[in-house]
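Please explain how the charged side chains of this protein pair with one another, and what lines one of its pockets. A guided reading in paragraphs would be welcome.

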Amino acid sequence: MRTNPISHRRLSGFWKWLSVLISIAMVLFYFYSAVVGTFPIQYHRGFYLLFTFILIFLYYPLKGRAEDRPNPTITDILLLMATVIICFYWIIQFSGFGERFGIETERDVIIGVMAIIVSMEAARRILGWGLVLLCILFCVYAYFGAEVPEIVSHHGFTANEIIVESFISTNGMFGILSHVLSSYVILFVFFGAFYHKSGAIRFLLDLPMALVGRSSGGAAKVAILTSALFGSISGSATLNTVSSGTFTIPLMKKSGFKPHVAGAIEPAASIGGMFLPPVMGAGGFIMAEMLEIPYSRIMAISLFPALVYFLSVFLMIHFEAGKNNLKGIADDEVPGILSVLRSGWYRCLPLAVITVLMVRGNSPGFAAFCATLTCILVSWGSRGTRMGFREIAEAIVTGSRQTLIVGATVGVVGIIVGMIELTGIGILISDLMITLSGTMTASLIIRLLIILLFVAVLSLALGLGLPVTATYLITIVLVAPLLLEIGVALVATHMVVYWFSQDSSITPPLSIPSTAGATIAGADPWKTGWTAFKFAKLLYLMPVLFSLVPGLLLDGSIEQVVVSFVSCILGTVAFTSLSQFFLIRRVGIGEWILLVPMTILLYWPTLTTTGIGAVLLLMLVFKQLKNGTPT
């Protein structure tokens, strides 16, 4: 996967107008589908690949810098024509595929080969070779299954069977990922582009500044709250880091934070935006689709863990500021909360609309449509942000380009998922890991921890070459049987994998958001990455809790859920204090040792353990307040 966002062409003349018209067609087609009624599956998914691949080949060159090739070349035009042929063939022949399943024609196979090649090239242009090579590896494994070591072998499949699974069936490139991206994700990406164009981002910066700017380490706390607000609609940790970090990172450096720390805080907080409703990136919609439950239920399940994550990062920063005696932002630089609310309260209306509609049970697409219209309305609250036809067109074009990052994965990831299902490698991995963990220990808890470590490492390894959405979808297909076999609930299984799928974004060596933060801060990317990892430790701890504490995901009685919530909050306070060697004041050795069992008790919630842990934590707080110095 590329470590830096690739630049796109600045199209001109005919090609510019073609890209604009395609972008407008994409918006109108899918918003119409969301509001009036969904088109048949072949049109809904077929046109998504058509729009996406055409825009990719228009905007991104075969090789070299986009600036050196301002307009499409002959190769690009040939790929555009191939895309049109492939997508219209699939749309027109959709019903015929079912009638002749198993006796595909030579033309079916030829078009299928074209589709696989075009999908790989689209992914390569934006994401590099990592995802393409993984796709090739899975196809080779499907073909030579009988030749690989017996432990992961299968009978092997013919080239025709691989092509059919990849192209003709609805398990491949026209499978669940294309459905989720076309039904939900692109609509929320367009909403984010309109929200940004409406001028609301200034309010998302001013509100946290007014709330926490004056407190100890206030600049970093502003970064956390801004990332939570912006990340809840952007669905991208990297975009979140770049967008809010250009303001918050220089502010943190000015307030006394070291460059690598300032560069690390923003990506550590930005990761949380992937977990926080209403928009959780493509993964949340994929989860809802695979679990066959309303997205509003995913929002409800995800809200508390996301807030706990932000609490952990907030406390990490609070303790970091306390250790280093860092002050808040100067009073004359902090706006008053009342003035911020008076001048910009209406900027929250699009977020309110999208949340209320989805909680009421409206479809995510309809909610995104209404919220997008609301963005246009609120933009007229200020003369400098009013959206006319020109600004609306600019938001549409920006949104369409932003959809290409995840859209580039649709064909290749669909092929990979198809090969996983075709070969049954997920079941093979499950049997292998259950056997291996069983030979290492008889303890179910230790076996679970071993398997969770395997899932974390697998998602990290995949994340080195794949976007987080692709990592989540591939990992869940591979390891869901394994986690279910060990006794993890189905919803918890998806939440475990979804959280772990973000680990490559914050864990060196890749850690693209950390690299972006380091670039803005002028710091060492490697040092920044490990510092971000330190602040984001809960990313690795929460999946363990999902597996062991059902109440965190609203699974259980009201009493169990309440105890789980209270215990998790107190446990996070103890855990961050343990990590930072600070509570009210610096923590002494004896106090630090006491925090270890305290954290374990609170993260293992029952009425008894929560009560004991809470009393111990309260005693430690009073002791530090009374003595003022650690023992």
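Is R9 buried or exposed? The model shown here is a predicted one, and in it R9 has a relative accessible area of 1%, which places this residue among the buried ones, since buried means under 20%. The side chain of R9 forms a salt bridge with that of D76, with 2.7 Å from N to O. R9 belongs to the segment before helix 1, whereas D76 belongs to helix 3 (residues 74-92); the pair therefore ties together parts that are 67 residues apart in sequence. D76 is buried as well, at 0% relative accessibility.

Side chains of opposite charge can pair when their charged atoms come close. The count for this model comes to 12 salt bridges. One of them links E591 to K623, whose closest N and O atoms are 3.0 Å apart. Here E591 is located in helix 28 (residues 589-602) and K623 in helix 29 (residues 607-627), so this pair ties together parts that are 32 residues apart in sequence. E591 is buried, at 3% relative accessibility, while K623 has a relative accessible area of 28% and is partly exposed. Salt bridges with shared partners also join R9 and D76 to E121, R124 and R125 in one network.

A further salt bridge lies within a helix. E394 pairs with R390, and the closest N and O atoms are 3.4 Å apart. The two residues are 4 residues apart in helix 18, and about one helical turn therefore separates them. E394 is partly exposed, at 30% relative accessibility, and R390 is exposed, with a relative accessible area of 63%.

E394 also leads to the second largest pocket, where E394 is among the lining residues that lie nearest the centre, together with K16, V20, A393 and V397. This pocket has a volume of about 400 Å³, and its lining consists of 15 residues. Which helices each supply at least two residues of that lining? They are helix 1 (13-35) and helix 18 (389-407). Helix 18 gives the largest share, 6 residues. By character, the lining of the second largest pocket divides into 6 nonpolar, 3 polar and 6 charged residues.

Helix 18 thus appears in two places in this account: E394 and R390 form their salt bridge in this helix, and the helix supplies the largest share of the lining of the second largest pocket.

Conventions. Residues numbered from 1 in each chain as written. Predicted model: local features only at pLDDT ≥ 70, side-chain atom pairs only at ≥ 80, totals over all residues. Heavy atoms only, no water. 1 Å grid on protein atoms, 1.4 Å probe; cavity = no way out; pocket = protein on both sides within 12 Å on 5 of 7 lines; lining within 4 Å. Points joined across faces, edges and corners; volume = space filled by probe spheres on them. Nonpolar A, V, L, I, M, F, W, Y, C, P; charged D, E, K, R; others polar. Salt bridge = Lys/Arg side-chain N within 4 Å of Asp/Glu carboxyl O. Buried < 20%, exposed > 50% of the residue type's maximum accessible area, 1.4 Å probe, protein only.
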